[in-house]
Amino acid sequence: MVVQAPQSLLHVGNGDVLVDDEKKHHHNTSFDPSAPPPFKIAEVRAAIPKHCWVKNPWISLSYLLRDLFIVTALIAAAIHFNNWIFWPIYWISQGTMFWALFVLGHDCGHGSFSNSVKLNSFVGHILHSSILVPYHGWRISHRTHHQNHGHVEKDESWVPLTEKMYKSLDNMTKTMRFTFPFPIFAYPFYLWNRSPGKEGSHFNPYSKLFTPSERKDVLTSTFCWGVMFCVLVYLSLIKGPFFMLKIYGVPYWIFIMWLDFVTYMHHHGYSQKLPWYRGKEWDYLRGGLTTVDRDYGWVNNIHHDIGTHVIHHLFPQIPHYHLVEATEAAKPVLGKYYREPEKSGAVPFHLFKYFLHSMNQDHFVSDSGDIVFYQTDPKLHNNSWTKSE
């Protein structure tokens, strides 16, 4: 076993405050999160009540109808009021609802929406196409993420760069990847080109992301995406591009911000640096235990408890409406490997400082070692816009 020791989280300046502030809410950092857990995944599974595994399509459809009603009501209200007092309220609210629609489509992709493959595919295509996400293309790459979570080379979402790869990037790419606010607008570009060091597109059925047997599904989703894009272009010609920017464009980018922020915080920004694995040190359980639960306050219910992420990563087939209960049941087994989320106020502003702190120091991992931790590029750290002054 080769272990690359983590750099200290403590830096001179306000970074110390960020770390110490969150430590109050978590386990003692003397605990080694990279140590093999003393339990098996079967023990975690056995601790979760049987009813938590039951997928009720009627409950799932009720959440779908709720979200679609809110989206429709917001559009109607925006058209009715059509003033600059209401538009900012609409943008934030609708962007958040687009994110909620994405999460329901995400559940369809995992098969936790229902036991019906046809229903999952139909609902998933409607929801994801409406917010310009290629359903099957994303579903397959997201499956790869779950199957390889915490693996330096094989993971798919917010994968750490190796030191060699990091040093090969030009300054513009480094800035776009690690300087706020650019990373929270990354998702559409990821769909087209993936991450640095990885080839392929979520729209191309011949991409390296997909097997030959998956090409038909990917082509179907790309077609649905194209139909939605054409509808938006048509509406822009009929209603005007400025109107469509207000009614759809701005909420779309708010949704993208939610998606990038939440998915990043699921795997980064914890007070104690968490491990990434290679080779024989990686297994499904250890990789899944590197994920982090987050509390989003009143948004938890709106985005279907996606912040309850550890159990979701280990058992993505559990419906979202059972995740909180399943997590509570699993905690005694997980012990210190479960990191209790810091409680949020009504709005999760507390997470923003951890996001910036992570962007400021989590830049790359060692080229070698089966257990590695994020390291910091001092030059980028000193010049970063995210540096705490």
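This passage walks through the cores, two helix pairs and a few single residues of a predicted model. Local features are given where pLDDT is at least 70 and side-chain atom pairs where it is 80 or more, while totals for chains, interfaces and linings use all residues. Residues are numbered from 1 along each chain as its sequence is written, and side-chain values use heavy atoms, with hydrogens and water left out.

A good place to start is the largest nonpolar core (a set of buried Ala, Val, Leu, Ile, Met, Phe, Trp, Tyr and Cys residues joined through side-chain atoms within 4.5 Å). Here, buried means under 20% relative accessible area, with a 1.4 Å probe and protein chains only. Of the 55 residues in this core, Trp99, Phe102, Tyr187, Tyr248 and Phe255 touch the most other members. Helix α4 (residues 86–110) is the top contributor, giving 13 residues; helices are DSSP runs of H or I, at least four residues long, numbered from the N terminus. A separate second core has 18 residues, among them Phe31, Ile311, Phe315 and Tyr337.

Helix α4 also packs against α3 (residues 57–81), at an angle of about 160° and with the axes 10 Å apart. Axes are lines fitted to C-alpha atoms over the stretch in contact, and angles run from 0 to 180 degrees between N-to-C directions. The pair is therefore roughly antiparallel, a label for angles over 145 degrees. The residues of this contact (heavy atoms within 4.5 Å) divide into 18 nonpolar, two polar and one charged. Ala, Val, Leu, Ile, Met, Phe, Trp, Tyr, Cys and Pro count as nonpolar, Asp, Glu, Lys and Arg as charged, and the others, Gly among them, as polar.

With helix α6 (residues 135–147), α4 crosses at roughly 70°, the axes coming within 10 Å. These two helices are therefore roughly perpendicular, the class for 65 to 115 degrees. Phe102, Gly105, His106, Cys108, Gly109 and His110 of α4 meet Tyr135, Trp138, Arg139, His142 and His146 of α6. By class, four of these residues are nonpolar, six polar and one charged.

Further along the chain, helix α16 (residues 350–361) is mostly covered, with nine of its 12 residues buried. Among them are His350, Leu351, Tyr354 and Phe355.

Finally, Pro33 lies in the loop between α1 (15–23) and α2 (41–47). Pro33 counts as buried because its relative accessibility is 9%. Leaving aside residues up to four places away in sequence, Pro33 touches Gln272, Lys273, Leu274, Pro275, Tyr277, Tyr337 and Arg339.

Technical notes:
Buried < 20%, exposed > 50% of the residue type's maximum accessible area, 1.4 Å probe, protein only. Parallel < 35°, antiparallel > 145°, perpendicular 65-115°, else oblique.
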